[in-house]
Amino acid sequence: MNRRSFLGAVGASALAALPARAQNGKPWNIVMMFSDDHAWQAVSAYGGNLNRTPQIDRIAHRGMRFDQCLVTNSICAPSRAVVLTGKHSHLNGVVDNAVRFNPDQQTFPKLLQKAGYQTAMFGKWHLKSDPTGFDHWEVLPGQGSYYNPDFLYANGGKRRREGYVTDIIGDISLDWLKNGRDPNKPFLMFSQHKAPHRNWMPAPNKMWMYEGENLPEPDTLFDNYEGRATPARLNEMEIDRHMRWNHDMKVPEWADKSFGGQDGNAEWARMTPEQKRIWDAAYGPRNAELFKNNPQGKDLVRWKYQRYIKDYLRCISSVDDNVGRVLSYLDSEGLAENTLVVYSSDQGFYLGEHGWFDKRWIYEESLRTPLLMRMPGVIEPGSVNRHLVSNLDLAETFLDVARQPIPGDMQGASMLPLLRGENPKDWRQSFYFHYYEKGVHNVAPHRGVRTDRYTFAHYYESDEWELFDNTRDPKQLRSVYADEAYQSVVKELKAELERLRVLYKDTA
Ligand code: SGN
Ligand code: CA
């Protein structure tokens with residue numbers, strides 16, 4: 001793919017200040033398509049060789065790809081609360097997945113609603129309290145299900161819908177665009193996919209994708225966690241040791257050999273007889289092959305990686321199709337011209353790097369999330385941006401695009417100047433991260449700073465530190481925290497971490 005970076009090259013002059021209205025004279029709509037655990041390594045617009053996402057890539061071709069979109073706390077519910085509020089976790093309250101979002105607090109959808117926007121939320125929500133600030137919502141309870149999912153409704157009802165969750169969320173989103181909204185008002189629509197979250201259950205029409213292929217393995221699949229502080233070694237997210245045979249690997253015959261003991265696959269249990277028939281036709285012969293070959297040691301890890309990555313990418317292919325359906329509808333109705341379209345995920349994800357699945361760490365695969373934006377007449381098509389941007393900036397950006405004031409207590413910044421191709425002198429040079437959750441996957445709480453070059457982490461419970469020089473060590477395999485040559489950097493970044501804690505009021 002041929003991409004141009006115009007950062008810095010084209011100044012504010014080429015694309016003058018954002019018109020309050022789009023080229024067709026209408027106010028901007030906002031469509032945000034958001035998935036759960038979609039790694040940037042698995043978006044082909046990012047240049048990887050793992051899979052193709054032709055529909056998601058349409059947004060990049062006609063819009064902007066952000067290469068350093070970082071999340072403030074790399075986990076689901078906290079990330080979603082940051083998107084809604086424009087505030088770090090300690091201020092919006094959702095520090096981990098166990099906390100209920102306080103629905104009475106300020107959110108940008110509430111502010112847009114007051115400004116005359118229609119607002120809608122569909123799909124994965126995961127904030128425990130009911131959505132507020134939306135004229136219309138249909139959301140999954142908790143994590144939701146892949147097969148024949150239940151949906152919650154504003155009237156307090158719950159209804160099971162037959163089919164595959166990603167396609168159903170696509171249907172609901174399209175139905176609202178076509179029949180649900182008032183065509184005379186601007187709108188904000190969130191279309192939030194459950195996929196590709198664990199346990200990576202593909203749709204019936206994707207089950208044979210990648211059949212017979214061997215997908216590329218990451219170089220660090222057999223990482224031994226040397227050269228880092230102790231938390232990395234204490235993880236419980238290894239493909240080798242922590243995948244469950246039934247739930248994750250879809251090999252029910254070996255359920256009793258699973259990490260954590262005998263396990264089940266609740267998704268399989270939800271299927272209709274016809275869905276089960278297709279499933280068993282796909283996985284039965286593959287599992288028979290596994291029993292016959294009975295790989296051991298590294299070969300077994302390689303087998304597990306293939307099973308994992310193929311299922312994960314099959315789930316993404318359904319997300320991609322449904323993103324395409326929404327884009328095509330916007331095009332065909334002439335809505336694309338005055339709609340800001342966004343594709344992103346709640347955080348990054350490990351696709352076997354460091355031997356892992358899951359997220360949570362300040363390390364690159366989980367800190368960075370995909371972010372693509374299309375805004376005709378404002379964003380130069382095919383552009384690439386390398387500023388340190390964040391899920392913390394989305395609320396501010398959306399308010400700015402809708403020409404609404406940005407409340408002083410929001411902690412991010414409007415990305416609108418970046419969308420116009422400007423290079424604001426005061427854009428952040430360092431990014432503040434804080435992960436809190438304990439328990440599942442056993443990742444120690446940590447704070448840290450990421451700059452253009454360095455990743456600096458403090459595991460405060462054991463008082464251990466890490467410093468990665470990402471220019472020299474992009475795979476982050478050796479902390480240089482104790483190296484003589486880096487002591488001035490360590491000193492600077494310690495001061496910067498303290499400065500950011502005070503700036504963002506995370507000092508309690
Ligand atoms: C579940 C998953 C975990 C995952 C968390 C949080 N286990 O507990 O692997 O880290 O969700 O994910 S599972 O056995 O239920 O599949 S998050 O995206 O909601 O933060
Ligand atoms: Ca997630």
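This passage walks through selected features of the predicted model, from its cores and helices to its strands and a metal site.

The model is predicted, and local features are reported only at pLDDT of at least 70, side-chain atom pairs only at pLDDT 80 or more, while totals for chains, interfaces and linings use all residues. Residues are numbered from 1 along each chain as its sequence is written, chains are lettered from A and ligands numbered from 1 in the order in which they are written, and side-chain values use heavy atoms, with hydrogens and water left out.

A good place to begin is the inside of the protein. A nonpolar core is a set of buried Ala, Val, Leu, Ile, Met, Phe, Trp, Tyr and Cys residues joined through side-chain atoms within 4.5 Å; buried means under 20% relative accessible area, exposed over 50%, and partly exposed in between, with a 1.4 Å probe and protein chains only. The largest such core holds 72 residues, and the members that touch the most others are Met-33, Tyr-308, Tyr-312, Leu-313 and Leu-351. Helix α10 contributes the most to this core, with 15 residues. Helices (H or I, at least four residues) and strands (E, at least two) are DSSP runs, numbered from the N terminus. Contact means heavy atoms within 4.5 Å, and by that rule Leu-313 touches Ala-42, Leu-50, Asn-51, Tyr-210 and Leu-215, not counting residues up to four places away in sequence. Apart from the largest core lies another, of 45 residues, which includes Met-32, Leu-188, Met-375 and Val-401.

Helix α10 spans residues 297–332 and also contains Asn-322. Asn-322 counts as buried because its relative accessibility is 2%. A polar atom of the Asn-322 side chain lies 3.0 Å from the backbone oxygen of Ser-318, a polar contact (a pair of N or O atoms within 3.5 Å; within protein, one must be able to donate a hydrogen and the other to accept it, and residues adjacent in sequence count only if both atoms are side-chain atoms). Beyond residues up to four places away in sequence, Asn-322 touches Thr-166, Asp-167, Gly-170 and His-193.

Asp-248 offers another buried example, this time in the loop between α7 (239–242) and α8 (266–270). Asp-248 counts as buried because its relative accessibility is 0%. A polar atom of its side chain lies 2.7 Å from the backbone nitrogen of Arg-244. Leaving aside neighbours within four places in sequence, Asp-248 is in contact with Arg-198, Asn-199, Trp-200, His-242 and Met-243.

Two further helices can be visited here. In helix α12 (residues 394–401), eight of eight residues are buried, and just after α12, Arg-403 takes a positive phi of about 60°. Helix α6 (residues 230–233) holds Pro-231, which is buried with a relative accessible area of 5%. Outside its neighbours within four places in sequence, Pro-231 is in contact with Trp-361, Ala-444, Tyr-459 and Glu-464.

The strands come next. Two strands pair if DSSP finds at least two bridges between them. Strand β10 (residues 371–374) points Leu-371 and Met-373 one way and Leu-372 and Arg-374 the other, and all are buried. Strand β2 (residues 64–66) pairs with β10 in the antiparallel sense over three bridges, and strand β9 (residues 339–345) runs antiparallel to β10 with four bridges. Leu-372 is the bridge partner of Arg-65 and also of Tyr-343.

Strand β14 (residues 446–451) is largely enclosed by the rest of the structure, because six of its six residues are buried. His-446, Gly-448 and Arg-450 cover one side, and Arg-447, Val-449 and Thr-451 the other. Six bridges join β14 to the antiparallel strand β13 (residues 430–435), where Tyr-432 is partnered with Val-449. Four bridges join β14 to the antiparallel strand β15 (residues 454–459), and β14 and β15 form a hairpin with two residues between them.Finally, the calcium ion (ligand 2) has protein donors from Asp-36 (OD), Asp-37 (OD), Asp-346 (OD), Asp-346 (OD) and Gln-347 (OE1), lying 2.2 to 2.9 Å from the ion. Donors are N, O and S atoms within 2.8 Å of the metal (3.2 Å for Na, K and Ca), and water is not among the atoms, so sites may look incomplete. Both Asp-36 and Asp-37 are buried.
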